[in-house]
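Welcome, and thanks for opening your viewer. Let's take a short walk, one selection at a time.

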Amino acid sequence: RAEDESIFSNNFWESPDHPGKALFNGRWREASFDVSKVDMNIGLTSEYRFPYPKEAIRPIKLPFHCGFEGTLSPFFLYRYNNGLREEFFTQSNVHSGRTALMVDKDVFVIRYRHPQLLSKKVTVWMYDDLSKPNAACMAILRCPAAIATAVVGMGVDGSVSSDMYVLQQGNGRVFPTALKRTSGWHKLVFDVKAEKGQGCTMSIDGQVVGKVYTLRSFNIIELGDAGFGSDSQGLGFDDLSIE
């Protein structure tokens, strides 16, 4: 219904009652939908920063770099709490470029799904804040295999340790590393190799913190906080690459 449009951002509505007009953010305008502003194969342009309401496979060319410069593309908003109108980007805590992704007060997870399995190196910079001891903010790789170790992650989880970085292996197994949390930007690297016996080597700021030999490919990347209210507001990510 057009009257429901107020809860959505960056959606056009057309109606036979308003020929030649489109309802955009609550106003009927003398304009039609400009499909050139959206790339349906990849994601959003900077003019349309808000995420698609549904997940779709968005193929990307490798090697790939995502700086979160005003758009979530090619990610989509996987979990959120009434956050479609919130600003997901910050200019105050940026690793490089103009903007970075920030976990806002609604708490959310963004996700990218690749059409094929990948055995690549994934690097992402995460911003940590020691004033958030209960934060639960993670970078996660997933493989659709039906095995317990088909999920690996790195980040922070205050329910496990308030002062150490943590690893995730499988959907429910999270344990602390020997690396202490510090405020600022940190380089998280997942080095995934297809060869048996190699698996996924995980490091933070150049220090190896874990290895999962059984994870040799992935097709899903998730960033953020799925806990809804775990004190992660202000943490964030920047400069994700796949190579």
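Start by selecting Arg-98 and Glu-69, whose side chains meet in a salt bridge with an N to O distance of 3.6 Å. Keep in mind along the way that this is a predicted model. Arg-98 sits in the loop between strand E8 (89–90) and strand E9 (100–102), and Glu-69 in the loop between strand E6 (64–66) and E7, so the pair ties together parts that are 29 residues apart in sequence. Turn on a surface and look at the two partners. Arg-98 counts as exposed because its relative accessibility is 54%, and the cut-off for exposed is over 50%. Glu-69, at 25% relative accessibility, counts as partly exposed.

Next, select Glu-222 and Arg-111. Their side chains form a salt bridge too, at 2.7 Å from N to O. This pair links distant parts of the chain, with Glu-222 in strand E19 and Arg-111 in strand E10 (residues 109–118), 111 residues apart. Are these two partners buried or exposed? Both Glu-222 and Arg-111 are buried.

Now move on to Arg-181 and Asp-128, where the side chains meet in a salt bridge of 2.7 Å, N to O. Arg-181 lies in the loop between strand E15 (174–180) and strand E16 (184–193), while Asp-128 belongs to strand E11 (residues 121–128), so this contact ties together parts that are 53 residues apart in sequence. Arg-181 and Asp-128 are both buried.

Before leaving the salt bridges, add Arg-142 to a selection of Arg-111 and Glu-222: salt bridges that share partners join these three residues into one network. A search of the whole structure finds seven salt bridges, including the pairs you have just visited.

The last stop is a pocket. How much space lies in the second largest pocket? It holds about 280 Å³. To centre your view there, select Met-138, Ile-140, Gln-168, Gly-224 and Ala-226, which are the closest to the pocket's centre of the 17 residues that line it. Then colour strand E7 (76–79), strand E12 (136–142) and strand E19 (218–224), the elements that give two or more residues to this lining. E12 gives the most, with four residues. Strand E19 should be familiar, as Glu-222 from your second stop lies in it. Finally, colour the lining by class: eight residues are nonpolar, four are polar and five are charged.

Technical notes:
Residues are numbered from 1 along each chain as its sequence is written. This is a predicted model: local features need pLDDT of at least 70, side-chain atom pairs count only at pLDDT 80 or more; totals for chains, interfaces and linings use all residues. Side-chain values use heavy atoms; hydrogens and water are left out. On a 1 Å grid over the protein atoms alone, a cavity is a set of points where a 1.4 Å probe fits but cannot get out, and a pocket is an open set with protein on both sides within 12 Å along at least five of seven lines; lining residues have an atom within 4 Å of a point. Grid points are joined across faces, edges and corners, and a volume is the space filled by probe spheres set on the points. Ala, Val, Leu, Ile, Met, Phe, Trp, Tyr, Cys and Pro count as nonpolar, Asp, Glu, Lys and Arg as charged, and the others, Gly among them, as polar. A salt bridge is a side-chain nitrogen of Lys or Arg within 4 Å of a carboxyl oxygen of Asp or Glu. Buried means under 20% relative accessible area, exposed over 50%, partly exposed in between (1.4 Å probe, protein chains only).
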